[in-house]
Amino acid sequence: MRVLLAEDEPHLCEQIKKLLNAEGRVVDIVNSGLEALHLGATEPYDMIILDIGLPERDGISVLREWRSAGIKTPVLILTARDGWSERVDGLDAGADDYMTKPFHMPELAARVRAILRRQSGQLNPVVEMGNVVLDTRNGRVTADGVPIDLTAQELAVLTYLAHNVGRMISRTELSEHIYEYDGDRDSNTIAVFITRLRKKLGPDLITTIRGRGYMIDSA
Amino acid sequence: MLSLRQRALLGGTASGALSVGVGTLAVFSFINARVSDRFDTALLDRHTQLVVGLSVTTHDPDALRDLMFDPAYGTPYSGRYWQVSNSEGEIFTSASLFDGVIAEPPGTPDVTTLWNTRGPENEALRGAYQKITYEDGTVWGVSVAESQAQLVAERHTAQQSLLPVFALVGLIGVVGSLLLTSIILTPLRKLRSDVAHRWDRDEDLKPGDYPEEVSPLVEDLNQLLRRNREIVSGSRRQAADLAHALKTPTAIMRNELLLLSEAGGSTETAVEALDRIDAQLGRSLARMRALNTADLTHSRTDLSHSIDRLARLFTTMAEREGKSLEIERDPGLWVRMDAQDIEEVLGNLLDNAVKWCKSKVRLTAGRTRNGIEVVIDDDGPGIPQDAHREALRSGGRLDTSVSGSGLGLAIAVDLLKAYDSRLDLGASNSLGGLECRIVIPKGTNAHPASG
């Protein structure tokens, strides 16, 4: 799952990125409103964490422009502006959730998970796929109850497929959601990750649809 | 200091009194002159009559009493007299002089001379005298005199008849000055009204709507009002910048402490200190806003709209926790409060209610005889009666005002106090939990711009 983080404080960006990476999310960071507007409108993010007090352009106007352009990516506003009027303004502008600074990292992680689950229709943070269980709260994976170690990229692929159970995902879409904006998006490496996941989690978990992509069956 | 109306009334009265006084003196002086002229003319006519009468009776002056037929000459001390005297010192008088005589003017002039003298019983007389030499060679002093009492009475009558006229003129002057004051003050009354309605319409006053003497003041007022607004928005921007500048680093520190804690480090003291910093920051920023708000903004806010906005947010929040929020409000409730401030008050109270209720929160808002009341009830545990004062205490200890345990109430109290409004706590009769009653008195609530 790919997340855009629009925040102008570099240390906070690194902390949030570290938190989300640990749960198998890929995070792109931008430090200004104009950059956020551009990437949010052109890249297929699964959600956006948006500060209001961004340089060059404030977050609320960026969010309004996204919504008026028909971009429906879920947005969580993360801001120091804690007035109730500002919260309502943010939600009225099209935000899905609103968090004020200072905040607790576990709460941010929980809100991000909740938004991504709502987005994918997964109400339970623990996704069961046959004998494989993915706990989205901590990125832990078990097969037949045995913990399995996955690399960050393998976890990112599994997490995206798990959030889209029953839906065919093309290699392109998969690469768009597991690589950072500046990352090397060689879609051929997707096949390598799929092969590794099959080795670790069993050959039947991920189905290949020839010439089109991959899918985890909902059955 | 005297009001403009009082000054105009005093000035109008003084100038009116001066005008009436001077006018009265001038008119009375004119009347006196006219009455005296008429009196003297009549006196001279009688003197001529006596001179003519004597011309045919110089040989028998006693016959004059028959010739001068005016009955007043025959009545003793009637106030009308005549007298003739010859060179031998013989004096002949009208019967009205009885046994008295009229003194002759010094120098016994041979031209007709008017003068003031005294008559019988020291009566003030106006006399006419001439020394005449007749054709028969006799020389006579010819005098007529008339009591000045008649002259004084005539003057008095004329003055009395004019006094009511002058009083009426004076009254008209005072009423006129009041009317003039009212007309002059009309633009100032309009200015006052426009300034009051400006808060409603949130637009500048129009200098062109005022007389040229007042329009510079209107422009100055516009500048002052704009400056006030800039001060408020500037201080709010500063508060927001300060919040951003301080809260982001504390968020970073909090996260570093969390990592340290997960690695087995002891962070409790540092986290507690950070909590206190956050609480102090929240409280200080809220107080900054309360201090800068009410006196400078006078904004007008659609309370019903604000309630609806917050209802959308808190209904979602309550439903996520399996709770419900019920809203009952009158339409068209307006208050003279900044929208952010009243929404901050309502938001804090609704946040507490949703947080502490078991399953239900109800907000009711409507007009009362004294203003507008907003009541937020819940079915939570409430706050004991003896703890209400501490919960609402402005400036209470911050270490007891950590998030969720009273800071929101204290901020709400500070903000409401800035608008002369108040927050009362009680027990909810209908839901059994806490009842928060916001009382916004008349004067703080406003009506739509149309009226």
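Q: Two strands pair if DSSP finds at least two bridges between them. In E8(A), which residue is the bridge partner of Leu134(A)?
A: This is a predicted model. In chain A, strand E7 (residues 132-135) and strand E8 (residues 140-143) run antiparallel, joined by four bridges. Across from Leu134(A), the bridge partner in E8(A) is Val141(A).

Q: Which residue in the turn of the E7(A) and E8(A) hairpin has a positive phi?
A: Four residues lie between the two strands of this hairpin. One residue in the turn has a positive phi, at about 75 degrees: Gly139(A).

Q: Which residue in E9(A) stands opposite Val141(A)?
A: E8(A) also pairs with strand E9 (residues 146-148) of chain A, antiparallel, over three bridges. Two residues separate E8(A) and E9(A), which form a hairpin, and Asp144(A) in its turn has a positive phi of about 55 degrees. Opposite Val141(A) in E9(A) stands Ile148(A).

Q: Are H6(A) and H8(A) roughly parallel or roughly perpendicular?
A: Take helix H6 (residues 152-162) and helix H8 (residues 188-201) of chain A, whose axes lie 10 Å apart. They pack at an angle of about 85 degrees. Angles of 65 to 115 degrees count as roughly perpendicular. Therefore H6(A), relative to H8(A), is roughly perpendicular.

Q: How many residues of the contact of H6(A) with H8(A) are nonpolar?
A: H6(A) brings Gln153(A), Glu154(A), Val157(A) and Leu158(A), which meet Phe193(A), Ile194(A), Arg196(A) and Leu197(A) of H8(A). One residue of this contact is polar and two are charged. The nonpolar residues number five.

Q: What is the handedness of the crossing of H1(A) and H5(A)?
A: Helix H1 (residues 10-22) and helix H5 (residues 105-120) of chain A pack at about 55 degrees, with axes 11 Å apart. The two helices are therefore oblique to each other. Their crossing is right-handed.

Q: How many residues of the contact of H1(A) with H5(A) are nonpolar?
A: From H1(A) come Ile16(A), Leu19(A) and Leu20(A). They meet Met105(A), Leu108(A), Ala109(A) and Val112(A) of H5(A). None of the residues in this contact is polar or charged, and the nonpolar count is seven.

Q: Which strands stand at the edges of the E2-E1-E5-E4-E3 sheet of chain B?
A: This open sheet has five strands, and its pairing is antiparallel. An edge strand has a single partner, so one side is left without a neighbour in the sheet. Those strands are E2 (91-93) and E3 (113-118) of chain B.

Q: Which residue in E5(B) is the bridge partner of Trp82(B)?
A: Strand E1 (residues 80-86) and strand E5 (residues 139-147) of chain B run antiparallel, with seven bridges between them. Helix H1 (residues 4-55) of chain B lies across E1, E3, E4 and E5, running at about 145 degrees to E5(B). In E5(B), Trp82(B) has as its bridge partner Val144(B).

Q: With which strand's direction does H7(B) make about 20 degrees?
A: Chain B has an open sheet of five strands in the order E7-E9-E10-E12-E11, with mixed pairing. Its edge strands are E7 (324-329) and E11 (422-427), each paired on one side only. H6(B) packs on the sheet, at about 165 degrees to the direction of E7(B). H7(B) packs on it too, touching E7, E9, E10 and E12, and makes about 20 degrees with E10(B).

Q: Which element gives the largest share of the side of chain B that touches chain A?
A: At this interface, 20 residues of chain B are in contact with 18 residues of chain A. On the chain B side, helix H4 (215-262), helix H6 (303-320) and helix H7 (339-356) each give two or more residues. The largest share is eleven residues, and it comes from H4(B).

Q: In which element of chain B is confidence highest?
A: Chain B has a mean pLDDT of 84, with 91% of its residues at 70 or more. Residues 395-405 of chain B stay under 50. By element, confidence is lowest in strand E13 (residues 445-446), at a mean of 50. At 94, confidence is highest in E9(B).

Q: What ipTM does the model score?
A: The model has two scores to read here, and its pTM is 0.62. Its ipTM is 0.71.

Note on methods
Residues numbered from 1 in each chain as written. Chains lettered and ligands numbered in written order. Predicted model: local features only at pLDDT ≥ 70, side-chain atom pairs only at ≥ 80, totals over all residues. Axes fitted to C-alpha atoms, helices over the stretch in contact; angles between N-to-C directions. Parallel < 35°, antiparallel > 145°, perpendicular 65-115°, else oblique. Contact = placed C-beta atoms within 7 Å. Nonpolar A, V, L, I, M, F, W, Y, C, P; charged D, E, K, R; others polar. Left-handed = near helix turned anticlockwise from the far one by under 90°. pLDDT = per-residue confidence, 0-100.
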